[in-house]
Amino acid sequence: MGFCGWASADELDRAYHDAEWGVPVHNDRHMFEHLTMESLQCGLSWVLMLKKREVFRECFDAFDYGKVAAYGEEDVERILATEGMIRSRRKVEAVINNARCYQKVREEFGTFCEYLWGYTGGKTILYDRHGEEDARIPVSNGLSARISHDLRKRGFKYVGPITIYSHLQACGIVNDHDEACPRRAFVIENYPCVAKRRDKEVY
């Protein structure tokens, strides 16, 4: 079977690709996990994030955003002292900050998923040519820039357009699997999708 090229190098990457990447997420806790990992990745590799995923789960109460939102300075120190954790106070504090902002979005929209999927009418976007072999998939686009701008207005941190585009891919809001990848077909067959021209996605 033809899978996406990036998923062939590392066993964790392959497993993540085959079971999770690009599958539409409609659970707020799972969505917060993705967003947190994407934010923590800034400046680091995704494989490292996957290797540290269990450490993150230990540090952040299995990504229970309600519990994380209530963290204080003692929790920051606890997390930074956890073996295997990324030693970045700014990122740890950003996760806690984002959990609090996440709660506010939920209060306004009911769920964070409702807020985020509202940008696409609840459908996964299939950009023209993104699945083709010779097509260069962007690291960000107009949609990720709009969402990034709104999230930053709401107080979120480490949510630039590139981070958000990666998040949209991971959570299935954008289907960027290769055309020959069976996971692309899986999403198209099992979830509502909409085709869009990528050159029309402006900010």
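Two residues are in contact when they have heavy atoms within 4.5 Å of each other. With that cut-off, take the contacts in the protein between residues at least 6 apart in sequence: 70% of them join residues at least 24 apart. The model on screen is a predicted one.

**Whole chain**

Start with everything selected and coloured by secondary structure. The protein has 11 helices and 2 strands. Followed along the sequence, they come in the pattern α-α-α-α-α-α-α-α-β-α-α-α-β. The radius of gyration is 17 Å, close to the 17 Å that the globule rule gives for 203 residues, so the protein is as compact as a globular protein of that length. Along the principal axes, the C-alpha atoms fill a box of roughly 50 × 40 × 25 Å.

Now switch on the surface. About 9900 Å² is exposed by the protein, and carbon and sulfur atoms supply 50% of that area. Of the 203 residues, 49% are buried.

**The largest pocket**

Keep the surface on and select Trp21, Gln41, Trp46, Ser166 and Gln169. These lie nearest the centre of the largest pocket, among the 15 residues that line it. The space in this pocket is about 310 Å³.

Which helices each supply at least two residues of the pocket lining? They are helix H1 (11–19), H2, helix H3 (46–51) and helix H10 (161–170). Select H10 to see the element that gives the most to this lining, with 5 residues. Coloured by class, the lining of the pocket shows 10 nonpolar, 3 polar and 2 charged residues.

**Histidine 167**

Stay on H10 and select histidine 167, which is found in that helix. Is histidine 167 buried or exposed? Its relative accessibility is 1%, so histidine 167 counts as buried. Show its surroundings next. Apart from neighbours within four places in sequence, histidine 167 is in contact with Met31, His34, Leu35, Glu38 and Leu116.

**The largest cavity**

Leu35 leads to the next stop: it is one of the residues that line the largest cavity. Select the others with it, namely Phe32, Thr36, Ser39, Val95 and Asn98. The structure holds 1 cavity of 30 Å³ or more, and the space in the largest cavity is about 30 Å³.

Helix H2 (28–41) and helix H7 (89–109) each supply at least two of the lining residues. H2 gives the most, with 4 residues. The lining of this cavity divides into 3 nonpolar and 3 polar residues, with no charged ones.

**Glycine 22**

Go back towards the start of the chain and select glycine 22, in the loop between H1 and H2. Glycine 22 counts as buried, at 1% relative accessibility. Which residues does glycine 22 touch, not counting those up to four places away in sequence? They are Gln169, Ala170, Gly172, His177 and Val187. Gln169 was also selected at the largest pocket, among the residues nearest its centre.

For a sense of distance, draw a line from glycine 22 to serine 88. The two are 66 residues apart in sequence, and their C-alpha atoms are 28 Å apart in space.

**Two positive phi angles**

Most residues other than glycine have a negative phi. Two residues to select here have positive values.

Select alanine 62, in the loop between helix H4 (53–59) and helix H5 (65–69). The phi of alanine 62 is near 55 degrees, a positive value in a residue other than glycine. With a relative accessible area of 37%, alanine 62 is partly exposed.

Then move to tyrosine 158, in the loop between helix H9 (142–153) and H10. Tyrosine 158 has a phi near 60 degrees, again a positive value in a residue other than glycine. Its relative accessible area is 26%, and tyrosine 158 is partly exposed.

**Alanine 185**

The last stop is helix H11 (residues 182–190), where alanine 185 has its place. At 32% relative accessibility, alanine 185 counts as partly exposed. Draw a final line from alanine 185 to leucine 48. How far apart are the C-alpha atoms of alanine 185 and leucine 48? They are separated by 28 Å, with the two positions 137 residues apart along the chain as the separation in sequence.

Methods: Residues numbered from 1 in each chain as written. Predicted model: local features only at pLDDT ≥ 70, side-chain atom pairs only at ≥ 80, totals over all residues. Heavy atoms only, no water. 1 Å grid on protein atoms, 1.4 Å probe; cavity = no way out; pocket = protein on both sides within 12 Å on 5 of 7 lines; lining within 4 Å. Points joined across faces, edges and corners; volume = space filled by probe spheres on them. Nonpolar A, V, L, I, M, F, W, Y, C, P; charged D, E, K, R; others polar. Rg over C-alpha atoms; globule rule 2.2 N^0.38 Å. Buried < 20%, exposed > 50% of the residue type's maximum accessible area, 1.4 Å probe, protein only. Areas by Shrake-Rupley, 256 points an atom, 1.4 Å probe, with all protein chains shown as cover.
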